[in-house]
Amino acid sequence: MIAPHGGKLTDRVLCCSALEDAKKAAASLPQITVDYDTARDAQNIARGVFSPIEGFVGKADLDSICTKNCLTSGVAWTIPIMLDVSDPDGIEAGKDVCLMREGSAEPLAIMHVSEVFQWDKESCAKAVFGTDDMAHPGVKGYSQKGDWLVAGEIDLIDNDRGPYADYNLFPAETRKVFEERGWATCCAFQTRNVPHAGHETMQKMVLGLFDGLFIQPIIGKKKPGDFQDAAILKAYQTIIEKYFNPERVFLNILPTEMRYAGPKEAIMHAIMRKNYGATHIIIGRDHAGVGNYYGEEEAIEMFDKPEFADLEIKPVNIRGDFWYCTTCAAVASNRTCPHGKDSQIPFSGTLIRNGIVNGVAPDARIMRPEVFEVIRSFENPFVD
C-alpha cells in the first residue's frame, strides 16, 4: 500500500472521553464561525485527506507554498488550506477557540491557535492561480475572504459524514477496502462532471493497466453551470451498476470545493488521492482548469517539475482532444485519428448541457441513455 503523503495519515478525530471533554470545553471557548467549505476543510484535515497537515496554514508554510510549492518541512504542497476571519479580536495565539459551522448550534472542532496574521490576498492568488484576474473564480474567492488568517492544529468534534454518507469513506477506510480487494495498484479518476463515453472509455482503459479504478467526484462548491453534486453521484451510480465490473471499481466522493487552480490543483488532487490509497491518478487535458487560464497540457507538465519528483503517486497522462469518430467507430483523439470533422461527434459539455435543458438526448455514442435519463430526472441538475 502506498504510504500517505508525508509518511503519516493524520487522525485528529476525537472520540470516547476526549470527545466528551472537548464538547464541554467548547462551551466556554471563544468561537469562530466558519462557512460550509471551511468546515469541510477542517473535517478533511482531521480525517487525513490533507495529510500530513494537522491544522490550518501558518505564515511560514503559506509563504513556502506560494514560493516553493512545498511546506516548510519540504513536503510537496501547492494550495494552502486557510481559515480566514475579518476581525481577529478575541483570537490569540497560544489559546484555544471553538470552530462553529455556519447555521449550526453544535461545535465543529477545537482549534489550538498558533498564529493570527494578515495576508496578501493578491499575491497569494497570483501564486496559486497564476493570475490576478478577478474573472477567475479562485481569485475572486480569495478577494472575498477576510483580511486575517488564523493558524493552528484542530481536533474534530463533528465527524458527520454529510448527505452522501454511504459514499464518503475516509482515507483510512478506503485504504482498508483496497487492501481487502487485493489491489496493489489503484488508479484514481477525478471528476466534477457527469460521465460521458469519453470518460468511460478512459476509465475502462486504465482497468487494463491497474488492479482497480477509484472514481472520486468532487462534492462541494462549484461554479455556476457545473453539475449539481447529486446529479453527478447518481449518474455514476447508474453507469457503474450497468456497465462496470463492480469488483474492479470503487465510487467514493471527495467532499471539498473545486478551486479551479489548474496545474497546482492537479498536484493537490494527486496528493489527496494518494492519502486515500491510490497509486496513480488520471491527468488529462486542462485538468482542474477554467476558461483559458492554463495550457491544455500544463497540468500534465506540472508533474515533471523537480519539486514533485518524490510525490510517489504517478500521473497517468491522457493527452489530446477526444471525440467519437464515426469512421473509426470508436472514441478517438487528435493524436490517434486521421479523419476529419465530418467524422467527429464531439464530447461537448455545452451540447450535452443544451440537450439536457431541451430534453434532447445526446447521441448514444456520446452519452449512455441511462445516464441522460438520470440527469434529466433532476428538476435542475446545474449549479445556479
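1. In this predicted model, helix α6, which spans residues 171-180, lies across the strands β7 (186-191), β8 and β9, and runs at about 165 degrees to β9. Helix α7 also packs on the sheet, where it touches β7, β8, β10 (280-283) and β11, and the direction of α7 makes about 165 degrees with that of β7.

2. The sheet itself is open and consists of five strands in the order β9-β8-β7-β10-β11, with parallel pairing. At its edges stand β9 (249-251) and β11 (314-317), each of which has a single partner strand, so that one side of each is left without a neighbour in the sheet. Ignoring direction, neighbouring strands of this sheet are turned against each other by 30 degrees on average.

3. As for the pairing of the edge strand β9, three bridges join it to strand β8 (residues 212-217), and the two run parallel. Within this pairing, Phe 214 has Phe 250 of β9 as its bridge partner.

4. A further point concerns the packing of helix α7 (residues 197-206) with helix α8 (residues 229-243), whose axes are 13 Å apart and enclose an angle of about 55 degrees. Since angles from 65 to 115 degrees count as roughly perpendicular and those under 35 as roughly parallel, α7 and α8 are therefore oblique to each other. The crossing in which α7 passes α8 is right-handed.

5. On the side of α7, this contact is made by His 199, Glu 200, Gln 203 and Lys 204, while α8 contributes Tyr 236, Ile 239 and Tyr 243. By class, the residues of the contact of α7 with α8 divide into three nonpolar, two polar and two charged.

Definitions and conventions
Residues numbered from 1 in each chain as written. Predicted model: local features only at pLDDT ≥ 70, side-chain atom pairs only at ≥ 80, totals over all residues. Heavy atoms only, no water. Axes fitted to C-alpha atoms, helices over the stretch in contact; angles between N-to-C directions. Helix = DSSP H or I, 4+ residues; strand = E, 2+ residues; numbered from the N terminus. Parallel < 35°, antiparallel > 145°, perpendicular 65-115°, else oblique. Left-handed = near helix turned anticlockwise from the far one by under 90°. Contact = heavy atoms within 4.5 Å. Nonpolar A, V, L, I, M, F, W, Y, C, P; charged D, E, K, R; others polar. Pairing = 2+ DSSP bridges.
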